[in-house]
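Colleague: I would like to learn how to read this model, one feature at a time. Please show me the structure and start with a single element.

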Amino acid sequence: MKYTVLLFLALYMNVSFSQGISFESTSFQSALNKAKAENKMIFMFAYSTWSKPCKWMTNDVFTDERVGAYFNDKFINVKVDMERGEGIDLASNYDVNSYPTLLFINGDGELIHTSVGSRPVDDFLDLGLAALDPDRQLTTMNRRFDSGERNSEFLKLYTDALTSAGMKNFDEIAQLYMDTQSDWSTDDNMQFIFDYSKASLDSKLFQYTLRNEKAFITLVGQEKYDEKVKYAAEADRAKAGIARDDVEKLKDHYAKYFSTEIAHNLAMISYFNQIMYHPDPVRQEQFLVEVQLFLAGKPDVGARFYNAVAWRIYEISNDRILLTKAVEWAFLSMEDSRDSFNTDTMASLQYKLGNMDKAKMYAQESIELAKREGNDYRATEELLYKINLK
């Protein structure tokens with residue numbers, strides 16, 4: 001009997017340790033009361049049901065043994081859907097507008113520390129450490145800045161905390177930090193500028209990035225550099241109120257960020273993305289004519305655009321000549337980056353053209369790629385079923 005009890009306890013302790021974070025099934029007010037009574041802080045996982053990063057953290061981070069051991073010991077853990085029930089008011093009270101948001105709140109309901117976005121296990125554990133460290137807590141840093149502290153080390157840490165929390169003034173503090181640096185061209189300072197500058201021409205640090213394009217590409221790589229600049233160009237376009245189908249204004253706008261050729265291509269991509277799904281048959285016909293002229297020169301527009309055009313032609317056209325051109329564009333997409341989407345497009349086009357052997361081959365490949373990518377492949381399975389009936 002004694003042996004059985006000890007074995008049960010050992011198994012129970014092992015299950016408890018390996019279960020990851022234990023979230024309270026209670027109201028937020030009850031969690032506040034418990035936090036105050038136990039002199040602990042609340043960790044609130046502010047999520048939405050549709051957010052993939054939220055699902056990833058739930059499945060891959062909160063289940064980690066180390067995460068569970070630390071957070072169950074140090075915090076009262078709650079998870080709240082910000083779009084239902086009391087989550088709607090909590091989202092307003094704590095200014096939650098992106099998911100996930102990770103909040104650390106004391107028993108009086110005061111926000112002590114916060115971070116926006118998903119984090120892998122080690123980074124999430126460090127966030128928990130920062131939430132309990134007075135020197136790294138966001139509220140403490142806010143008070144230190146307001147009291148006039150401006151030393152270089154503090155400004156660097158403060159920039160990181162503000163950026164992590166998604167606060168709008170992070171670029172301003174990053175600029176203050178760089179003003180303490182005599183040489184902006186060191187690798188460390190350039191990496192700081194790239195990581196912490198606001199992606200907008202409003203930012204002096206971002207303007208410095210554009211002026212030193214080659215150096216930043218060498219440091220961070222072409223893909224990361226292009227990603228940030230494209231994000232800035234789009235954010236500034238929206239801010240300026242330039243319509244997505246106003247080609248001439250778009251060209252002028254994008255030319256502030258890119259070469260003339262790239263600015264032209266981006267403007268045309270934006271234009272076609274607007275008209276290709278227009279419900280008016282006249283606009284659809286306009287798309288079919290104009291996109292052929294544009295793509296005839298094989299511009300560098302990337303795999304996604306080639307695939308989007310090929311798929312749209314599959315959806316709205318029965319013209320065999322045009323469908324054959326769409327196959328060429330699907331090939332270009334696959335050559336650039338082969339995935340479950342463009343192989344599905346290729347399978348669909350081959351099916352519509354009556355090439356069943358090729359359609360089957362690409363459909364099977366798309367399903368296998370989708371399984372590896374974690375994408376939904378039910379539509380491709382339905383296509384494969386129809387192919388097999390032929």
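Colleague: Is strand E2 mostly covered or mostly open, and how many of its residues are buried?

Modeller: Keep in mind that this is a predicted model. A residue counts as buried when its relative accessible area is under 20%. By that cut-off, six of the seven residues of E2 are buried, so the strand is mostly covered.

Colleague: Which strand does E2 pair with, and in which sense?

Modeller: Strands of a sheet pair through backbone hydrogen bonds, and the pairing is either parallel or antiparallel. Here E2 pairs with E1 in the parallel sense, over seven bridges. One bridge to look up is that of Tyr47, whose partner in E2 is Asp81.

Colleague: In what order do the strands of the sheet lie?

Modeller: The order is E2-E1-E3-E4, in an open sheet of four strands with mixed pairing. The edges are taken by strand E2 (75-81) and strand E4 (111-116). Each of these has a single partner strand, so one side of each is left without a neighbour in the sheet. On average, neighbouring strands are turned by 20° against each other, direction ignored.

Colleague: How many bridges join E3 to E4, and how do these two strands run?

Modeller: E3 and E4 run antiparallel and are joined by five bridges. To find the register, look for Phe104, which stands opposite His113 in E4.

Colleague: Let us turn to the backbone. Where is there a cis peptide bond?

Modeller: Read omega for that. The bond between Tyr99 and Pro100 is cis, with an omega of about -5°. Pro100 belongs to the loop between helix H5 (87-93) and strand E3 (101-105).

Colleague: What is the sign of phi at Asp95?

Modeller: Phi is positive there, about 55°, although Asp95 is not a glycine. Asp95 also lies in the loop between H5 and E3. Its relative accessible area is 59%, so Asp95 is exposed.

Colleague: What is phi at Asn39, and is this residue buried or exposed?

Modeller: Asn39 has a positive phi of about 55° and is not a glycine. Asn39 counts as exposed because its relative accessibility is 70%; the cut-off for that class is over 50%. You will find Asn39 in the loop between helix H2 (28-37) and strand E1 (41-47).

Colleague: How should I read a residue inside a helix? Take Tyr70: is it buried or exposed?

Modeller: Begin with the element, then the cover, then the neighbours. Tyr70 lies in helix H4 (residues 65-74). With a relative accessible area of 17%, Tyr70 is buried. Not counting residues up to four places away in sequence, Tyr70 touches Phe75, Leu125, Gly128, Leu129 and Leu132. For a distance to check on screen, the C-alpha atoms of Tyr70 and Asn169 are separated by 31 Å, and the two residues are 99 apart along the chain.

Colleague: Which residues does Asn265 touch, leaving out those up to four places away in sequence?

Modeller: Asn265 touches Phe294, Pro299, Asp300 and Val301. Asn265 is found in helix H15 (residues 260-275), and its relative accessibility is 7%, so it counts as buried.

Colleague: Where is Met167, and what does it contact?

Modeller: Met167 is in the loop between helix H8 (152-165) and helix H9 (170-178). Leaving aside neighbours within four places in sequence, Met167 is in contact with Thr114, Leu138 and Leu162. Its relative accessibility is 30%, so Met167 counts as partly exposed. From Met167 to Val116 the C-alpha distance is 9.3 Å, with their positions 51 residues apart in sequence.

Colleague: Now the whole protein. How many helices and strands are there, and what share of the residues is buried?

Modeller: There are 21 helices and four strands. Of the 390 residues, 44% are buried. Among contacts with a separation of 6 or more, 58% join residues 24 or more positions apart.

Colleague: What does the C-alpha trace span, and how much surface is accessible?

Modeller: The trace spans about 75 × 70 × 40 Å along its principal axes. The accessible surface comes to about 21,500 Å², and 51% of that belongs to carbon and sulfur atoms.

Colleague: How far apart are the mean positions of the positive and negative charges?

Modeller: They are 3 Å apart, taken over 45 positive and 59 negative charges.

Key. Residues numbered from 1 in each chain as written. Predicted model: local features only at pLDDT ≥ 70, side-chain atom pairs only at ≥ 80, totals over all residues. Heavy atoms only, no water. Buried < 20%, exposed > 50% of the residue type's maximum accessible area, 1.4 Å probe, protein only. Contact = heavy atoms within 4.5 Å. Areas by Shrake-Rupley, 256 points an atom, 1.4 Å probe, with all protein chains shown as cover. Lys, Arg positive; Asp, Glu negative; His and termini not counted. Charge placed at Lys NZ, Arg CZ, Asp CG, Glu CD. Pairing = 2+ DSSP bridges. Axes fitted to C-alpha atoms, helices over the stretch in contact; angles between N-to-C directions.
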